[in-house]
Amino acid sequence: MRTDTGQVFHLEDYKPTDFLIPETHLDFCLRPERTVVRSTLQIKRRNGVAADAPLILDGDELKLVDIRIDGTVLGDNAYVATPDRLEIRGLPENGTFTLEITTEVNPTTNRQLTGLYRSSDVYCTQCEAEGFRRITYFLDRPDMLSVYTVRIEAERSEAPLLLSNGNPKDKGTLTNGRHFAVWHDPHPKPAYLFALVAGDLGVITDTFTTASGRHIDLGIYVEHGKEPRALYAMDALKRSMKWDEDVFGREYDLDVFNVVAVSDFNMGAMENKGLNVFNDKYVLADPDTATDTDYAGIEAVIAHEYFHNWTGNRITCRDWFQLCLKEGLTVYRDHEFSADMRSRAVKRIAEVKGLKAHQFPEDAGPLAHPVRPRQFREINNFYTSTVYEKGSEVVRMIRTILGPDLFRKGMDLYFERHDGDAATIEDFIKVFEDASGEDLSQFALWYDQAGTPNLAITYDYDQATKTFEIEIEQSLKPTPGQTSKKPMHIPVQFALLGAKGRELKPRSAKGGLVKGDVIHLRKRKERFSFSGISERPVPSLLRGFSAPVTLTSELTRSDLAFLARNDGDEVTRWQALTQLLNAKLTSNSKRVRGGKPATIENSSIKLLGEIAFNATLDEAFRALCLSIPSESDIARELGANIDPDAILGSRDALISAVAEAHAEKFAQAYNELEQKGSFKPDAAGAGRRALRNVLLDYLSVAESSSKRAAAQFKNADNMTDRAAALGVLVQRFGDSEATNHALQAFEARFGNDPLVMDKWFVVQAMQPGNGALDKVRELMTHKLFSLDNPNRTRALIGAFSSGNQTGFNRADGRGYKFFAETILTIDKKNPQLAARLLTAMRSWRSFEPVRREHARESLATIAMETGLSADVRDIVERTLA
């Protein structure tokens with residue numbers, strides 16, 4: 001495990017390597033506890049580099065067995081080797097030579113799950129960001145592109161399957177029950193995209209014919225007996241391949257494409273060239289074991305990793321500071337794919353909810369950083385919502401600013417100009433400037449300035465001149481390392497709505513720049529004047545959530561209710577409703593904390609009822625609207641002096657009021673939405689189930705009875721309805737007989753399927769109140785729970801710390817103390833997992849003083865631990881700064 005060295009890496013310090021590695025040959029002799037890796041590297045000194053410049057290669061906990069140059073064993077005085085570094089001097093004068101390095105690694109004891117490790121008797125690799133250096137010494141950085149040929153040897157009985165990147169070239173039988181396979185990837189790639197999988201797995205196969213007529217063999221490898229649960233993933237893969245051809249003109253470029261699902265994986269999936277390795281959570285699904293959310297997640301992640309073939313593999317990033325160039329861009333592409341596969345508005349609202357729940361708090365706390373950070377101590381800690389989701393929003397804004405045609409022209413130029421490159425953000429911006437003729441230099445600030453901009457908006461309507469004016473002032477608060485911010489180029493998509501939601505078309509626009517339905521805010525404060533407006537309009541701003549910003553406007557509650565009822569843009573419609581509810585929920589949270597009862601206005605109750613029963617609206621959209629803001633959402637709106645118990649009281653009061661007011665109609669709608677026919681994981685079916693399950697929660701509150709939820713749990717023929725009913729029982733009825741009976745029945749049915757049991761762990765970790773901590777401690781002793789498995793750990797410890805506002809943020813601080821102890825335990829084995837879990841503490845300063853001090857003490861306990869990993873040290877020190 002790497003402990004913290006204190007080294008900080010800076011973007012401005014980037015310089016190319018002194019040497020290139022045009023070709024890499026790897027030979028793996030796989031054994032569970034003693035795998036020997038022989039790398040043969042063709043090395044070439046760059047022009048202009050001094051002849052006496054040493055070759056310095058990266059390592060991480062490596063054991064060097066042998067080292068040769070051009071076949072000659074190097075003497076001890078020719079190199080210096082440590083587990084983390086190899087330096088070679090006295091290199092051949094011509095600067096071109098073959099370097100052979102033999103290392104030895106232990107895949108079985110590698111519980112960091114980076115480099116080469118074993119998962120359920122399957123050999124597997126994870127090399128992003130810096131895992132390849134745990135396999136062999138190398139120039140382990142994204143701009144070191146090399147053509148790989150890989151030979152894998154293993155016991156046939158142990159590993160009949162031998163996979164690597166690229167196309168299969170050879171295979172054969174060896175003595176003593178061993179066999180081998182050779183793979184070659186003709187496309188130069190960085191080491192982080194290297195992959196190897198060897199083991200005994202089942203497979204489903206299919207084929208895909210590209211637009212140019214090329215035949216591609218597809219394979220998805222899973223544990224034996226789970227092959228039918230990979231069928232949806234295969235369908236999603238084929239749809240992804242076709243969509244990328246149709247929408248971006250990108251065709252697949254190898255003869256085979258393989259996906260492997262493993263149970264121990266730090267990430268969701270990895271886009272290794274031609275051999276994607278997945279957390280099995282994002283591959284396995286059938287109606288009995290997967291929810292609608294699982295199906296949507298599989299579709300999105302399969303697409304995301306496939307789309308990386310061009311945005312990440314064929315064009316990679318020059319250095320890790322450019323991480324958003326592959327991740328933010330590819331998130332945008334998978335979002336667009338999912339929007340085309342499902343309801344675009346509902347998908348967009350889900351994206352906005354996720355952005356506000358995860359990225360906005362990141363922007364507002366001690367871990368804030370730009371989409372392209374300019375410095376880091378540990379790159380693993382920058383696989384964040386800012387890089388991924390906000391990075392996607394930045395790409396989306398480019399499309400909004402330029403329009404779809406120029407955006408596609410720019411993307412085509414990007415693929416043409418930078419195929420085979422390790423590119424930068426500047427390269428990406430430049431192709432859109434060249435394709436459109438626009439100056440995007442101000443817009444590029446989105447990559448370099450951290451924080452969430454706020455737009456303060458005022459309105460003025462002059463009936464005499466029929467002129468409507470909008471004044472917008474942008475502001476951006478200081479963030480760590482950035483105290484002064486420049487004005488951004490912010491695209492604000494808009495409409496002016498008249499009676500019954502009719503769009504009023506202005507005759508002309510003056511003041512700042514307005515193109516079509518987009519206001520281009522580029523100064524700190526600008527005024528936009530629209531003429532020919534025959535009545536006072538209600539402005540619909542930030543349609544489609546056209547920029548990742550917050551709004552402070554003069555819209556009244558009446559205006560917001562009008563938008564919630566009439567806006568033709570469902571995203572803005574949902575935002576108006578959410579703003580109304582948040583105002584009431586935050587106000588009531590303050591009342592409850594002050595010892596007063598919550599007050600619920602009939603207007604909010606009536607509005608939610610209108611939406612619930614509006615058959616012209618998509619059922620999934622109605623479900624989103626009826627799912628009132630979460631405890632975390634309310635806490636984010638309050639911003640400071642947060643009391644989670646008061647927030648829960650405020651939220652429960654509103655739910656109770658709505659449930660009681662509409663109980664009869666909710667019951668009727670619930671019965672009418674009962675599933676007819678067999679389960680289908682399509683958007684329409686998912687929408688019906690989502691609405692029905694939201695109504696189930698309301699009805700359980702209105703009826704003060706667990707009978708309806710217990711009946712749904714017992715009779716459900718799919719995991720979506722079963723898990724929803726179990727969630728209602730745990731959330732609403734705690735440790736009741738009905739709840740415990742359902743939990744026992746779930747375990748009896750699915751106890752042999754750890755992936756499904758993750759849902760069982762999650763739902764119990766989310767039970768509100770002080771009893772949750774004891775429940776979590778008890779579940780840590782369950783036979784299926786292990787801190788060695790990231791999925792299990794995230795399901796229990798992650799759900800508790802990030803999702804259970806009252807259980808984790810106990811007033812006595814016991815939740816924080818337990819969390820600190822657990823983080824220190826995990827850190828000894830899996831620093832990446834520990835560091836990512838620790839980000840749950842990023843908003844600790846926003847709590848009321850008692851909780852705030854308990855949180856600080858627990859963070860300080862972690863910080864004072866000796867031997868912390870670089871990953872955890874980085875997070876805890878930035879969180880405390």
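Helix H11 (residues 602-612) packs through its buried residues against helix H9 (557-566), helix H10 (570-593), helix H12 (619-626), helix H14 (644-661) and helix H15 (663-672). Packing here rests on contact, meaning heavy atoms within 4.5 Å. The buried set in H11 is made up of Ser604, Ile605, Leu607, Leu608, Gly609, Ile611 and Ala612. Buried stands for under 20% relative accessible area, exposed for over 50%, and partly exposed for anything in between, with a 1.4 Å probe and protein chains only. An α-helix has 3.6 residues a turn, so residues three or four places apart point the same way. Helices (H or I, at least four residues) and strands (E, at least two) are DSSP runs, numbered from the N terminus.

This is a predicted model, in which local features need pLDDT of at least 70 and side-chain atom pairs count only at pLDDT 80 or more, while totals for chains, interfaces and linings use all residues. Residues are numbered from 1 along each chain as its sequence is written, and side-chain values use heavy atoms, with hydrogens and water left out.

H9 turns up again beside a sheet. This helix lies across S27 and S32, running at about 60° to S32. For such angles, axes are lines fitted to C-alpha atoms, for helices over the stretch in contact, and the values run from 0 to 180 degrees between N-to-C directions. S27 and S32 belong to an open sheet of 4 strands, in the order S29-S30-S27-S32, with antiparallel pairing. Strand S29 (513-515) and S32 form the edges, each pairing on one side only, and from one strand to the next the twist averages 35°. Two strands count as paired if DSSP finds at least two bridges between them. Strand S27 (residues 490-497) meets S32 over 4 antiparallel bridges, with Leu497 opposite Val538 in S32.

Just past S32 comes a backbone oddity. Phe545, in the loop between strand S32 (538-541) and strand S33 (550-553), has a positive phi of about 50° despite not being a glycine. Phe545 is also buried, at a relative accessible area of 0%. Ser120 likewise has a positive phi of about 50° and is not a glycine; this residue sits in the loop between strand S10 (115-119) and S11. At 48% relative accessibility, Ser120 counts as partly exposed. Most residues other than glycine have a negative phi, and most peptide bonds are trans. A cis bond does appear between Glu128 and Ala129, where omega is about 5°, and Ala129 falls in the loop between strand S11 (122-126) and strand S12 (146-155).

Strand S5 (residues 63-69) has two antiparallel pairings to look at. With strand S9 (residues 96-105), S5 shares 6 bridges, and Ile67 stands opposite Ile101 in S9. With strand S6 (residues 72-73), S5 shares 2 bridges, and Ile69 has Thr72 as its bridge partner. The hairpin of S5 and S6 leaves 2 residues between the strands, and Asp70 takes a positive phi near 50° there.

Finally, the cavities. A cavity is a set of points, on a 1 Å grid over the protein atoms alone, where a 1.4 Å probe fits but cannot get out, and lining residues have an atom within 4 Å of a point. The count comes to 2 cavities of 30 Å³ or more. The second largest holds about 30 Å³ of space, a volume being the space filled by probe spheres set on the points, which are joined across faces, edges and corners. Its lining consists of Val222, Glu223, Lys226, Ala261, Asp280 and Leu284.

Conventions:
On a 1 Å grid over the protein atoms alone, a cavity is a set of points where a 1.4 Å probe fits but cannot get out, and a pocket is an open set with protein on both sides within 12 Å along at least five of seven lines; lining residues have an atom within 4 Å of a point.
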